[in-house]
Amino acid sequence: MKATCWYGKRDMRVEEVPDPKILNRQDAILKVTSTAICGSDLHLYNGFMPTMEKGDILGHEFMGEVVEVGPDVRNLKVGDRVVTAFPIACGKCFFCQRQDYSLCENTNPNAWMAEKMFGHSPCGIFGYSHLTGGYAGGQAEYARVPFADVGTLKVPEGMPDEQVLFLSDIFPTGYMGAEMCDIEPGDTIAVWGCGPVGQFAIASAYLLGAERVIGIDRFPERLRMAREKAKAETINYEEQNVYETLMEMTGGRGPDKCIDAVGLEAHSHGVGYVYDRAMQAMMGESDRPIALREAIMCCRNGGTVSVIGVYGGLIDKFPMGSLMNRSLTLKTGQCHVQRYMKPLLEHIRNGDIDPSFVITHPMRLEDAAEGYKIFSNKEDECIKIVLKPGH
Amino acid sequence: MATGTKRQAQKTKQGDGGNGQAAPLRSSSGAGEPEMRIAKESGVRGTNGRALVGSKKNGEELARGLGWFSIGLGLAETLAPRGIAKIVGVRGDSSNRLLIRMLGLREIAHGVAILSQNGRSAATVWSRVAGDALDLACLGAAFASPDTGKGRVAFATANVLTVAVLDVVCAQQLGLSNPATAEGSSNRVNKSIVINSSPEELYQFWRDFENLPRFMHHLESVRVEGEGRSHWVATAPAGTTVEWDAEITEDRPNELIAWRSLEGADVYNRGSVRFERAPGGRGTIVHVEIDYNPPGGKLGAAVAKLFGEEPELQVGSDLRRFKQVIETGEVVLSEGTVYGTGATEQRPAQPAANGDGR
């Protein structure tokens, strides 16, 4: 089958690889009908994540048709159309039973690696380096889904792929980002990052009852999408000082809750960015927490900073004093997708939201390498790419 | 050669070198016994299970303190040799300064060596003792020489002697490694994991040793022969296999199983698995302790570590796989990992041409 394989920094190749086989009794094999490139895939593309091997298949946002099931699969049969959650979860351990699926204790065969880096291992993830288990990803014609009963959602008849594909990752992630804020009526929410996850965080904040949502970015097409599709007010940080603008908009108090939908490859103007690039070069930190620092400093006293942007390593100059002295709450995590898939499907079916609004570049699977490039460089006003195999 | 205040401060900080180690938490089922049995057999420790010359752990702290002291002293000698010369009472001429600088570099090397082993290596601390001897020789020469401040030299000598005593005590404490057995030096591994199951179920599963190769990566097979005896075959580094017969030395249903290899084993080993009910109804904590002589001795173990065969890692991964088998029914596989000779071996995260790569 054809698959998108990693061969080094900024070197993705779509090539012929063997078809997946059933390895565990609860596996299912999907024929992939749609798959997307995630902003976090760019951290792999740009060489930020260690433990990649040449030939690794990437992709953790995918859906398709079941073509084979293992002997212990109960809820799926051949022919079912399903979306797959990006965290691989067993459903039986302490964390899965609490619905903290991205913390599953059983699905990372390389748990020893993650334990060395993080203290304990989170769950396995599709196509996201050997640190999360070395699973083959879904930017391919076929994909193996372990614990298929736990990790898939059946798609109702009549709903096109574009409407449901993002239940695999970015819609639940944005939603969890908003949910972690514990939004109260009257709240003003500020969202750093108007990429696809940020767009869903903005939309979800309104779904959860926010009064006012402000999106922060620098790319005009992303700010425009945030205004027109997600109904946010926007700040372009290249034209305005974010802190001062937020202070003015909130009468000096600051937004009630802040969402970091940017993560480790943050960018800004000014001294902070230069400092963080220098620190990275000198190995003083692995991640750039520019958006995170700003979110903390801007947040009102007693507010919540919700972090759904991906970080991998260590950061420098974290404003712990601001956090502690002002009773801030920091909530974070990889999304427990399985928890949200059904409720969010209902929102889509009710017409509350059509997630396909983020798609700007439908492409063929064969063109994935080009897709990574334009997505990373933000060329051609690219916001979200969906790849279709075999077209 | 030293600044008197530095050595005095060091001496008071370290105290008397410790008086026993923290006992590991034991469940009320008295499962401290296997360790006591080992302690009695080895004969190195006293009858109450405590070490005779302070404790290894305090030795490590003292060693680290001496390591930092070495670095501090070495920096002072390298960067301010004239000042050091004055304090010690010798002339600050160029040849003395060169000597002091050289001694400073040596001192820094001691410190780096000690700290790089995190204070665990007796050999690095013994090297300090050798350095102290050299320092004393230099001070002796200084004493004999006509134009030195005798009082200061004497003071410096007293300080060096004090630290030399500390070094010897520390090196001896560190020399008390894992209980030395008659068969030679051994490695000990301790690992625990919590599993969503009852002690009864886990005990039953483990007690049938033929289940163990299902999750113990390195076991090719186990054959139970009756009367508590079994025959084990395991893979070893470089594609070889090792075999041994073992017997159960203790069997407390739902609590503890202990075993050891018999005469003629390729690899001497003994171990125990203890099942402790986890607090809050959260299942069972399984504690595994394994003592073994790595083929090739300590050097063999070091080489094996280089190739990713760290025993702590293996046992830890085995226990994780045990948890997977119990909680989900089987060992969870990914395309990027293989059942090869190493627990850490990786292949590209794509489907294998001939199935699962096993």
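This is a walk through a predicted model with two chains, A and B.

Let us start with chain A and its domains. The domain assignment splits chain A into domain 1, which covers 2-169 + 335-388, and domain 2, which covers 171-332. Taken over C-alpha atoms, the centres of domain 1 of chain A and domain 2 of chain A are separated by 25 Å. Where these two domains touch, 26 residues of domain 1 of chain A are in contact with 20 residues of domain 2 of chain A. On the domain 1 side, two elements give two or more residues each: α1 (41-45) and α13 (337-349) of chain A. The most comes from α13(A), with five residues. Sorted by class, the domain 1 side has 15 nonpolar, six polar and five charged residues.

Now look at helix α13(A) together with another helix. A pair of packed helices is described by the angle between their axes and the distance between the axes. Helix α6 of chain A (residues 170-179) and α13(A) have axes that come within 9 Å and cross at roughly 100 degrees. An angle from 65 to 115 degrees counts as roughly perpendicular, so α6(A) and α13(A) are roughly perpendicular to each other. If you want to find the meeting place, look for A:Phe171, A:Pro172, A:Tyr175 and A:Met176 in α6(A), which meet A:Val337, A:Tyr340, A:Met341 and A:Leu344 in α13(A). By class, this contact has eight nonpolar residues, with no polar and no charged residues.

Next, turn to the inside of the model. The largest nonpolar core has 124 residues, and the members that touch the most other members are A:Val191, A:Ala201 and A:Ile259. At least three residues of this core come from each of domain 1 and domain 2 of chain A. To see the surroundings of one of these residues, pick A:Val191. Leaving aside neighbours within four places in sequence, A:Val191 is in contact with several residues, including A:Ala201, A:Ile202, A:Val213, A:Ile214 and A:Ile259. There is also a second, separate core of 25 residues, and B:Ala63, B:Ile100, B:Leu103 and B:Val125 are among them.

Before leaving chain A, have a look at a charged residue. Where does A:Arg300 lie? You will find A:Arg300 in the loop between α11 (290-298) and β15 (304-307) of chain A. Is A:Arg300 buried or exposed? A residue with 20 or more other C-beta atoms within 10 Å of its own counts as buried; A:Arg300 has 20, and therefore A:Arg300 is buried. Not counting residues up to four places away in sequence, A:Arg300 touches A:Arg253, A:Gly254, A:Pro255 and A:Asp256. In contrast, A:Arg300 and A:His269 are 31 residues apart in sequence and 23 Å apart in space, from C-alpha to C-alpha.

Chain B comes next. This chain has 358 residues, of which 34% count as buried, and chain B contains 10 helices and seven strands. Chain B is divided into domain 1 (53-175) and domain 2 (187-328), and the C-alpha centres of these two domains of chain B lie 46 Å apart. Among contacts in chain B between residues at least 6 apart in sequence, 60% join residues at least 24 apart.

Two helices of chain B are worth a visit. Helix α4 (residues 81-88) and helix α5 (residues 94-116) of chain B have axes that come within 9 Å and cross at roughly 100 degrees. That crossing makes α4(B) roughly perpendicular to α5(B). Here B:Pro81, B:Arg82, B:Ile84 and B:Ala85 in α4(B) meet B:Asn96, B:Arg97, B:Ile100 and B:Arg101 in α5(B). The contact of α4(B) with α5(B) has four nonpolar, one polar and three charged residues.

The loop between α4 and α5 of chain B holds B:Gly92. With 14 C-beta neighbours inside 10 Å, B:Gly92 counts as partly exposed. B:Gly92 and B:Arg82 are 10 residues apart along the chain, and their C-alpha atoms are separated by 5.2 Å. Apart from neighbours within four places in sequence, B:Gly92 is in contact with B:Arg82, B:Ala85, B:Lys86 and B:Arg97.

Finally, see how the chains meet. In this model, 27 residues of chain B are in contact with 35 residues of chain A. The chain B side of this contact has eight nonpolar, 12 polar and seven charged residues.

Conventions:
Residues are numbered from 1 along each chain as its sequence is written. Chains are lettered from A and ligands numbered from 1 in the order in which they are written. This is a predicted model: local features need pLDDT of at least 70, side-chain atom pairs count only at pLDDT 80 or more; totals for chains, interfaces and linings use all residues. Two residues are in contact if their C-beta atoms, placed from the backbone, lie within 7 Å. Ala, Val, Leu, Ile, Met, Phe, Trp, Tyr, Cys and Pro count as nonpolar, Asp, Glu, Lys and Arg as charged, and the others, Gly among them, as polar. Domain bounds come from an automatic or database domain assignment. Helices (H or I, at least four residues) and strands (E, at least two) are DSSP runs, numbered from the N terminus. A residue is buried if 20 or more other C-beta atoms lie within 10 Å of its own, exposed if 12 or fewer, and partly exposed in between; C-beta atoms are placed from the backbone. A nonpolar core is a set of buried Ala, Val, Leu, Ile, Met, Phe, Trp, Tyr and Cys residues joined through C-beta atoms within 7 Å. Axes are lines fitted to C-alpha atoms, for helices over the stretch in contact, and angles run from 0 to 180 degrees between N-to-C directions. Angles under 35 degrees count as roughly parallel, over 145 as roughly antiparallel, 65 to 115 as roughly perpendicular and the rest as oblique.
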